[in-house]
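User: Please take a close look at one part of this model, the helix at the start of the chain. Then set it beside the other parts that can be described.

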Amino acid sequence: MEYTAEDELLIEEKWQELVEACRKAKVCRREDDWQFVRRAFFLAKEAHKGVRRRSGEPYIIHPIEVALIAVREIGLGKKSVVAALLHDVVEDTEYTVEDIARIFTPKIASMVDGLTKMAGVFKTDSSEQAEYFRKVLLTLSDDVRVIIIKIADRLHNMRTLGAMPHDKQIKITSETIYLFVPLAYRLGLHAIKSELEDLCMKYRFPKEYDEIRRKIDDTEPQRQQYIDRFMAPIKEVLDKNKFQYEMTARVKSVYSIWNKMRRKEIPFEEVYDLFAIRIVFKALPFPSEKTQCWQIYSCVTDIYTPKPDRLRDWISIPKSNGYEALHSTVMGPDGIWVEVQVRTERMDDIAERGFAAHWKYKHASISQEEDGLDKWLKRVRDALNSPTESAHEFLDNFKLALYKTDVVVFTPKGEPQTLPYGASVLDFAYEIHTKIGDHAIGAKINHRIVPVTERVNSGDQIEVITAENAHPKAEWLDAVVTSKARQAIQDYLKSERQDNIEYGMTLLESRLAEYNVKLSGRVLRKLMPAYDCRNKDELYSKIGAGIVKLDNLDKLLKENSSKKILKFWKLFIPGKERAEEADVDLDLDDDTSTLDDTSVADASADDAHEFVMAECCEPIPGDNVVGYRDPHSGRIIVHKSTCDTLIRLAAQYGENIVKEEIKWSQHKAISYLATVEIRGIDRSGMILDLARLITSDFSINMRAISVQSHDGIFEGTISLYVQDIESLNSLLDNLRKVQGIESVKRLLNT
């Protein structure tokens, strides 16, 4: 389809906008540079000629927008602009990477290749997204700019997501939250990270997004009055001390407000820290930037009393993504806590524009020492270069490198090591060296002996104790949070397990031969349930490790195993504890048994579906849900829309997201398990009152109750069988009215 005159005018206007952005950012300093960029634009325009996006606009608008984001919002240079303009050319047209290398340069070709989807070369046992992510992420080992352009590409796609169908929106937003948001954070692209989060929420939870957006707008006048009152005395003292500064108020993003409302189960009106005050000042040559930041902090705290436990000094030890600032929470007028952020102009540039600004200032500095971002990139590259069996395992391990909060610990010699929040001694040991981690048996934290699974805190000094005969254990995987540690442990366990599998298979064949029986699928189907193994490799591994002794092998071979197989498979029926009614139909003639659960949802489709409630998030009728089709059984697993597992599945296996909207059916009376957390002031008869309200007044069955009391305060959990979200919410409202109850909330597994 040829472009119209209006299309050509739109393209020319957008191109001129890019030219102006490049001129303002001084991306092209010579005429040769301009020719380089123009050549990329005209090639991309010709390559995408007549092609339109789903929104209807000419396709060439998209690469121009990506280039604009790269220049204007991130601050990348000429090569990145060219790569952004060409990023879809090889994927969508007849041009090849070799053509790009010949017309431009090998470097540009390499960047475009990194940005190109490898359609048709994915492994058959891995999803397209996971393989694509692996290829994109591997470019970190060569050129970080490729990842940054990919983030810019994702940002523009998210800005135009409204033109996509619902199932595609779920897939794309899940990919974004799962991978691109933490990547943007790690590369210091704070503004882009926040916008991506908001856009994900806008399309996944439009009602909640619009409501919070409206409330932010409605409360703006009162908020601005308060901000003016708060700022006035600070401006006076900063002016008096002749600081050159700009002070602004930054309202929290819709997504962060929504997250806090969910996490604390509070309404919008109870989110008091809706904004933060930011002071960005022009640093003088002397004294140091750090000293000047503390001087401004002193000016602020002379006026408003600080909250001691809310001081964040990211100037002395910057975050791993290069972020530097001084944050303090102070008591403002009317008894309201207000966060104040202090930055220099350089710090602010890095905070807002991330990696590109970080390297601009680093290269302008005399010091070329390795900093936090350098170290993080090195760790990521190590993780990326580690061998893995599948793209999904690779992606999960890589995501561990995208942790958000850091702790700083020290070696016995006082050398600092940055680790993610929640890291253990094992993470520290593997960070020092793989051999130290593999042979760790304990540690001394601040001269106190602790196990290798002990969590570490900022300021800890750690000495790892090793032994030659010590080796990684499977339970170590539950104690580590870094990708380097997890990968090393998995590598060892895989090697050990493979040895056990081979030995176990040989041993089983030998024992079967004693009874003139050959190893076959029929025999394995008898033995696996008898030894509580889900697959043959697990059986072989347990035999090889000596866990399964095969002492009763002759008896098992003679038994009719149908009854045992039925009992075994029932153990693995998803949702068996949440639904009191479940009809199970088991076909024992097939290699793979089929489990039919009671349908509890309706996909609004003509064909019949089998629905199973996801164990990870335990949805109940009334929750917003999304369907995921299990590629093995064909059943639809129903997840809550906010479920972390759903986000991971949609990011890695987006093609399995059910296109139809999942709706709850009203014709079945099924009870679902929900867990409620309670807290309050202890008194005589409290448990009796709670039990009476639940069982008598609401006729709800309790599955379990666990309550602890200490110092006059009690807290605990109650597991209940409820029919839907309305009945649960009604119960929660009434529980809150019980004398002494301080808080009641549903525990969420997301």
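**Helix H1 and its surroundings**

Analyst: On one side of helix H1, Ala5, Glu6, Leu9 and Lys24 are exposed (over 50% relative accessible area, 1.4 Å probe, protein chains only). This is a predicted model, in which local features need pLDDT of at least 70, side-chain atom pairs count only at pLDDT 80 or more, and totals for chains, interfaces and linings use all residues. Residues are numbered from 1 along each chain as its sequence is written, and side-chain values use heavy atoms, with hydrogens and water left out.

H1 covers residues 5-24. Helices here are DSSP runs of H or I with at least four residues, strands are runs of E with at least two, and both are numbered from the N terminus. The expected span is 1.5 Å times one less than the number of residues. For the 20 residues of H1 that gives 28 Å, and the end C-alpha atoms lie 29 Å apart, which agrees.

The other side is buried (under 20% relative accessible area; values in between count as partly exposed). Asp7, Ile11, Lys14, Trp15, Leu18, Val19, Ala21 and Cys22 are buried in H1. Seen down the axis, these residues fall within an arc of 165°, so they line one face of the helix. The arc is taken from the directions from the helix axis to the C-beta atoms. The buried residues pack against helix H2 (31-47), helix H3 (61-74) and helix H4 (78-86). Just after H1, Lys26 has a positive phi of about 55°.

Leu18 also belongs to the largest nonpolar core, which has 69 residues. Such a core is a set of buried Ala, Val, Leu, Ile, Met, Phe, Trp, Tyr and Cys residues joined through side-chain atoms within 4.5 Å. Leu18 and Leu86 have the most contacts inside this core. Beyond neighbours within four places in sequence, Leu86 is in contact (heavy atoms within 4.5 Å) with Ala40, Leu43, Ala44, Ile100, Phe104, Ile108 and Val112. Another core lies apart from this one, with 30 residues, including Phe611 and Trp664.

Now the strands. In strand S18 (residues 713-722), seven of 10 residues are buried. S18 pairs (at least two DSSP bridges) with strand S16 (residues 672-681) in the antiparallel sense, over 10 bridges. Ile678 stands opposite Gly716. Strand S17 (residues 701-710) pairs with S18 over nine bridges, also antiparallel. Two residues separate S17 and S18 in their hairpin, where Asp711 takes a positive phi near 50°.
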